[in-house]
Amino acid sequence: MRISTEDTGITSWPERALSDAAAAWDKLRAAGDMTGWLRLPEEYDRDEFERLLRTAEKIRSDSEALVVIGIGGSYLGTRAAAEAIKRNGVQLIFAGSDLSPNTLNNAAAQLGGKDFSVNVVSKSGTTTEPAIAFRFFRQLLEKKYGRASAGRIYATTDPSGGALRQMAVNNGWTGFNIPPDVGGRYSVLTAVGLLPMAAAGLDVRAMMDGAAGTMRSCRTCGADNPVWRYVLARSILYGRGKKIELFTTYEPSLHYFLEWLKQLFGESEGKEGKGIFPASAEFTTDLHSLGQYIQQGERHLMQTVLYVEDTGSDMLIPRCGEDTDGLNYLAGRPLSWVRKQAFLGTLRAHVAGGVPCTTITLDKLGERELGSLFYFFELACAMSGFMLGVNPFDQPGVEEYKKNMLALLGSARG
Ligand code: PA5
């Protein structure tokens, strides 16, 4: 993974920014109770990890599909990984991240007659969307497997508290823990992400190794640390009026990775009237929708591009006898080469148009690289939150909609 801030227009790091970054770094190291994820890549529970791998193996042996139920940090990382990396495991079907009857019905329809299991993921165990979806799929399981359905339910939740833990204990479901010092959006490298990813055939050991590599290479205090450079750049640009960070990619399979980023940064930074608004766009598709705005609209955008050099497959552009479309000059060229020129040309245009760009380049995208990216952005996000002067581990604003909705629903919790 290489990070370049060359196209941000920042030529040196101001002393003030460096000292703010150092203070944020120290705060993060001292934060304690919600920073279990910081040490996870090296200090994860090896026995629990082996149990998780055995469970994934069991799911692969008795199920063709695994319904993964969760919302926000309890599903986005899994979905990001499953869409970015396709392996030969069970099909993952996602549910519980909205209140659309269509989503649930479509998820059930995707199951068809397949053998399936359910992984319900909720740290609190009380979130409405996944709780409703879980009722629905639990009922389907019970209809299909009767009493044996209990052996097909995997609950990933808080180790001691919450309704889901209680239900798991009462019904004899297999449980996995979300460590109390790891918040939802920082939990992708716990059983939250690792169990369904392993069931889908992803090499989660390589993912942890990738994260551990980034952990080691991002330890130093100072601008030679790539996390620092990214955090410094976005913080300086925010100070210059760039209130929106547009995460972009040229690889559509990274769509959910960008969704994961939006949730991570949005919930971590957006509070107390502050925070960079995280947005996303997929190029070149969105150059034909948002491109105009990015190039010439209000100048409040900065861009962070995730560019993957080798996306796993390629094709050569065919030669055509008549060449009416005038594309024969590209005949024989790999499509990936054309994509690269689009990336370079777009970068140049956006920088010239007043959109500073940070570029993160990956040679390829496998489990190791994804693990590395997950950890890089978690670290960057938490450090950025402290630099901004907010707590990057809480989300008090999310409660507002819940409170109103539950009151309207007539819940005792409303
Ligand atoms: O990052 C967070 O804490 C949130 O996005 C949660 O992951 C999300 O709200 C789901 O919560 P829970 O896992 O308690 O159902």
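## Tour: helix H5, then the ligand

Start with the face of helix H5 turned away from its buried side: select Pro101, Asn102 and Ala109, the exposed residues there. Keep in mind that this is a predicted model.

**The buried side.** Now select residues 101–111, the span of H5. Within this helix, pick out Leu104, Ala107 and Leu111, which are buried. They share one side of H5, because they cover an arc of only 65° around the axis. An α-helix has 3.6 residues a turn, so residues three or four places apart point the same way.

**The packing partners.** What do the buried residues of H5 pack against? Show strand S2 (65–69), strand S3 (91–95) and strand S4 (116–122), then add helix H6 (128–145). The buried residues of H5 pack against these elements.

**The two ends.** Go to Ser100, which caps the N-terminal end of H5. Draw a distance from its side-chain oxygen to the backbone nitrogen of Asn102: 3.1 Å. Then jump to Gly112, just after H5. Gly112 takes a positive phi of about 50°.

**The ligand.** Select the ligand and its surroundings: 13 residues. The closest are Ser74, Ser122, Ser124, Thr127 and Gln263. Three polar contacts are worth displaying.

- Ser74: a side-chain N or O atom is 2.6 Å from an oxygen atom of the ligand.
- Thr127: a polar side-chain atom lies 2.5 Å from a ligand oxygen.
- Arg185: here a backbone N or O atom is the partner, 2.9 Å from an oxygen atom of the ligand.

Finish with a surface on the ligand. On its own, the ligand has 380 Å² of accessible area, and the protein covers 89% of that.

Definitions and conventions: Residues numbered from 1 in each chain as written. Predicted model: local features only at pLDDT ≥ 70, side-chain atom pairs only at ≥ 80, totals over all residues. Heavy atoms only, no water. Buried < 20%, exposed > 50% of the residue type's maximum accessible area, 1.4 Å probe, protein only. Helix = DSSP H or I, 4+ residues; strand = E, 2+ residues; numbered from the N terminus. Arc of directions from axis to C-beta. Contact = heavy atoms within 4.5 Å. Polar contact = N/O pair within 3.5 Å; in protein donor to acceptor, adjacent residues only side chain to side chain. Near = heavy atom within 4 Å. Areas by Shrake-Rupley, 256 points an atom, 1.4 Å probe, with all protein chains shown as cover.
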